[in-house]
Amino acid sequence: MKSTEKQKEYIRITSDLTIPSSELEFRFSRSGGPGGQRVNRRETRVELLFDVQRSSSLNDVQRARLLNRLAGHIDSSGVLRIVATTHRSQLRNREEALARFVQLLRRGLH
């Protein structure tokens with residue numbers, strides 16, 4: 001593999017389901033709330049978006065089950081949205097969002 005090629009990463013959901021990281025979109029913004037002198041100066045808020053409706057990784061049964069069971073987390077266009085703002089670090093919020101994503105999908109598919 002050439003060094004310029006990006007290695008494709010996968011997120012393991014279950015033993016028979018992996019989601020390529022290319023199907024996830026991350027958005028970063030400034031977290032709200034109280035703070036000190038450095039308040040709202042760093043984009044630590046992480047929003048993870050996963051298009052359940054159009055994902056090529058899901059079969060029809062999985063898609064229907066997730067759309068039904070995770071309806072409270074999925075918008076009208078079929079996009080699952082997870083927001084993480086717990087940590088002061090963008091990296092840690094990204095890790096938290098990914099962990100919650102895996103947990104939600106596992107719960108939705110069970």
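Begin by selecting F101, which counts as buried at 0% relative accessibility. The model on screen is a predicted one, and the tour proceeds outward from this residue.

**First stop: F101 and F50**

Keep F101 selected and add F50. The centres of the two rings are 5.2 Å apart and the planes meet at 70°, so the pair is edge-to-face; the angle required for that label is over 60 degrees. Colour the chain by element to see where the partners reside: F50 belongs to strand β4 (residues 45-51), while F101 belongs to helix α2 (residues 90-109). The pair therefore ties together parts that are 51 residues apart in sequence. Display the surface around F50 as well: its relative accessible area is 0%, so F50 is buried.

**Second stop: F26 and F28**

How many aromatic pairs does the structure hold? There are two. For the pair not yet visited, select F26 and F28, whose rings are stacked, with 6.4 Å from centre to centre and 10° between the planes.

Are F26 and F28 buried or partly exposed? F26 has 19% relative accessibility and therefore counts as buried, the limit being under 20%. F28, at 29% relative accessibility, counts as partly exposed.

**Third stop: R94 above F26**

Leave F26 displayed and add the side chain of R94. What sits over the ring of F26? It is the charged end of R94, placed 3.9 Å from the ring centre. F26 thus appears in two arrangements on this tour: the stacked pair with F28 and the placement beneath the charged end of R94.

**Fourth stop: K8**

Move next to K8, in the segment before β1 (10-14). Which residues does K8 touch, leaving aside those up to four places away in sequence? They are P20 and S22. To check the second of these, draw a distance between the C-alpha atoms of K8 and S22: the separation is 7.7 Å, although the two residues are 14 residues apart along the chain.

**Last stop: the whole chain**

Clear the selections and show the chain as a cartoon. Two helices and five strands make up its secondary structure, and from the N terminus the elements follow the order β-β-β-β-α-β-α. Of the contacts with a separation of 6 or more, 56% involve residues 24 or more positions apart.

Finally, switch to a surface view. The accessible surface of the chain is about 7,600 Å², and carbon and sulfur atoms contribute 44% of that area. Of the 110 residues in the chain, 34% are buried, F50 and F101 among them.

Terms used:
Residues are numbered from 1 along each chain as its sequence is written. This is a predicted model: local features need pLDDT of at least 70, side-chain atom pairs count only at pLDDT 80 or more; totals for chains, interfaces and linings use all residues. Side-chain values use heavy atoms; hydrogens and water are left out. Helices (H or I, at least four residues) and strands (E, at least two) are DSSP runs, numbered from the N terminus. Contact means heavy atoms within 4.5 Å. Rings of Phe, Tyr and Trp (its six-membered ring) pair if their centres lie within 6.5 Å; planes under 30 degrees apart count as stacked, over 60 as edge-to-face and the rest as tilted. Buried means under 20% relative accessible area, exposed over 50%, partly exposed in between (1.4 Å probe, protein chains only). A charge sits over a ring if NZ of Lys or CZ of Arg is within 6 Å of the ring centre and within 35 degrees of the ring normal. Accessible areas come from the Shrake-Rupley method with a 1.4 Å probe; for residues, only the protein chains shown count as cover.
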